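Dear colleague,

Please find the structure for your attention below. My notes on the contacts follow it.

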There are 2 protein chains.
Amino acid sequence: MIAKDAVFGTRPEDRSPRDAILQRPSLGDEVYQRLVDDLIALRIPAGARLSVDGLARRFGVSQTPTRAALIRLEAEGLVVKKQFTGWSVAPLPSPEQFAKIFELRCLIEPASAAGAARLASPEALAELGSIAEEMRAMAAEDITGHRAKLVVLDSRFHSAIAAACGNELIEDALGRLFTQMHIFRLRYHSDVAQAVIEEHIDILAAIGARDPARAETAMRGHIEAGRERIEAHLDAAD
Amino acid sequence: MIAKDAVFGTRPEDRSPRDAILQRPSLGDEVYQRLVDDLIALRIPAGARLSVDGLARRFGVSQTPTRAALIRLEAEGLVVKKQFTGWSVAPLPSPEQFAKIFELRCLIEPASAAGAARLASPEALAELGSIAEEMRAMAAEDITGHRAKLVVLDSRFHSAIAAACGNELIEDALGRLFTQMHIFRLRYHSDVAQAVIEEHIDILAAIGARDPARAETAMRGHIEAGRERIEAHLDAAD
DNA sequence: CTTACGAATATCGTATCGGATATCTGGTGT
DNA sequence: ACACCAGATATCCGATACGATATTCGTAAG
């Protein structure tokens, strides 16, 4: 894998204590992770200035790891740098850019679903099942109260499929898209619809049945339906 | 655009002197560019250690911009970092990884060709034409003498199509793949075949005729033919 | 109200330092 | 001869101080 997806990894706790001793994360990694958390939760507004000095003081570290984190974030498109002006949070994707995200997803994700149907390990299937079940239970209880959490689980579901398809390049490419999409959806208060949960179960059933063709079409329908849901939501007043 | 493709940009000279005064690149950017040039030309072998101190002395800058460049390169997968050990040039892609590159290209590039057929500007068409013509003239003269140059032009041709398709996300995603592929091809002495040049002309004709469907199928055939050519080449002794 | 100038502020990059860790080297014991 | 262990070395990680330069913003003049 070229770049580990630190945003929507399917198992946040997969770094065992034993490994933590052998390879604890660097300070730069920790600053990066905290900034990612803040950014994808919209705790820092789009366009806000991110001064190296201010962030370093806030996190209690020096400028060296802070710069490292910002450079990584810049490479992922979450922040932008302007010469002699500094870093700032990347502007919100416009609806046009959002359409481009869906265009690319629609090229890649049907194939990732088909690949997952062929190659998913039993553990990966269990992971997918638990995410889908968690979303179903949560939505049955109260869909509006778990808005942010459902959006996170939706990203985790798609990331888990990408991770199971056997092609790390596909996983990386989709990971970048999911981050952008996540921020967009939180900002525009785009809920996870009830239909999403049912579509996830359809996709999971096809993958579990080892039916690549059905997984592919289910995923394609899911993405196109999602695009239409969000466009309808954007047309409505906000 | 999220991340400017600094590897196979179609116009290396598009930074006019006027702009250079208004926004000269940072030292980190310059170090990054020089390292990219060295890496994609294989002037630094795969696996070689890249010490921050050594590179800083070599380029006549301090460690700060050198680290910035290495972090960017790491995010693009050209170098890898090991905690407390340092950076080194990323290992060569294995044939399996190479197949995964083609798998992803085959998902995206037919769509980028179709998009270019719909949206390419006259300037973009002229650019594509000049690249295709340059390759044709070069190959007619002596194909083995211009091996490296033809590989570069091939990447530029595909990058120009990606840039013309109207979706920066597609352009970015493909840019990463082209870099990996370029290095792989140079390392394994995989020539640009005569057929490649003719296939490029077919694709260009379909784009120029504003025929998305034909551009899409031509591109798909081109990529699959390329995969088969390289697999045949790998099977042969090296 | 608009424009221009200059001080304050922040960034970019340099230089240097110390602690922590990996790697290499050489010696010792079996 | 080989495995194993300890010390030396090189490098990275991070902190800090400083100068050069660009941006920003308040203020004054037209």
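How many salt bridges does the rule find across the interface of chain A and chain B? The rule finds 2 there, a salt bridge being a side-chain nitrogen of Lys or Arg within 4 Å of a carboxyl oxygen of Asp or Glu.

Before the details, the conventions. This is a predicted model, in which local features need pLDDT of at least 70 and side-chain atom pairs count only at pLDDT 80 or more, while totals for chains, interfaces and linings use all residues. Residues are numbered from 1 along each chain as its sequence is written, chains are lettered from A and ligands numbered from 1 in the order in which they are written, and side-chain values use heavy atoms, with hydrogens and water left out.

The interface between the protein chains

Chain A and chain B bury about 2700 Å² between them, and 63% of this is on carbon and sulfur atoms; buried area is the accessible area (1.4 Å probe) that two parts lose on being put together, summed over both. Chain A brings 33 residues to the contact and chain B brings 33 residues, where contact means heavy atoms within 4.5 Å.

One salt bridge joins the side chains of Glu168(B) and Lys100(A), at 3.1 Å from N to O. The structure holds 26 salt bridges over all chains. The pair of Glu168(B) and Lys100(A) crosses between chains, from helix H8 (residues 168-187) of chain B to helix H5 of chain A. Helices (H or I, at least four residues) and strands (E, at least two) are DSSP runs, numbered from the N terminus.

Between chain A and chain B there are 8 residue pairs in polar contact, both residues at pLDDT 80 or more. A polar contact is a pair of N or O atoms within 3.5 Å; within protein, one must be able to donate a hydrogen and the other to accept it, and residues adjacent in sequence count only if both atoms are side-chain atoms. On the side of chain A that touches chain B, helix H4 (63-75), helix H5 (95-119) and helix H8 (168-187) of chain A each supply at least two residues. H5(A) gives the most to that side, with 8 residues.

The two chains superpose by a rotation of 180° with 0.1 Å of shift along its axis, at RMSD 0.1 Å; the fit is by least squares on the C-alpha atoms of residues with pLDDT of at least 70 in both copies. That is the relation of a two-fold axis. The same surface serves both copies, as 97% of the contact residues of chain A recur in chain B.

DNA strand C

A residue is near a strand if one of its heavy atoms lies within 4 Å of it. Around DNA strand C there are 18 residues, of which Ser51(A), Ser26(B), Leu27(B), Ser62(B) and Thr64(B) come nearest. Sugar or phosphate accounts for 89% of the strand C atoms within 4 Å of the protein, and bases for the rest.

Phosphate oxygens of strand C lie 2.5 Å from a polar backbone atom of Leu27(B), 2.4 Å from a polar side-chain atom of Ser62(B) and 3.1 Å from an N or O atom in the side chain of Lys82(B).

DNA strand D

DNA strand D is surrounded by 20 residues, and the closest are Leu27(A), Ser62(A), Phe84(A), Ser51(B) and Val52(B). Of its atoms within 4 Å of the protein, 86% belong to sugar or phosphate and the rest to bases.

A phosphate oxygen of strand D is 2.3 Å from a polar backbone atom of Leu27(A), and a phosphate oxygen is 2.9 Å from a backbone N or O atom of Val52(B). A base is also involved: a base nitrogen of strand D is 3.3 Å from an N or O atom in the side chain of Thr64(A).

Yours sincerely
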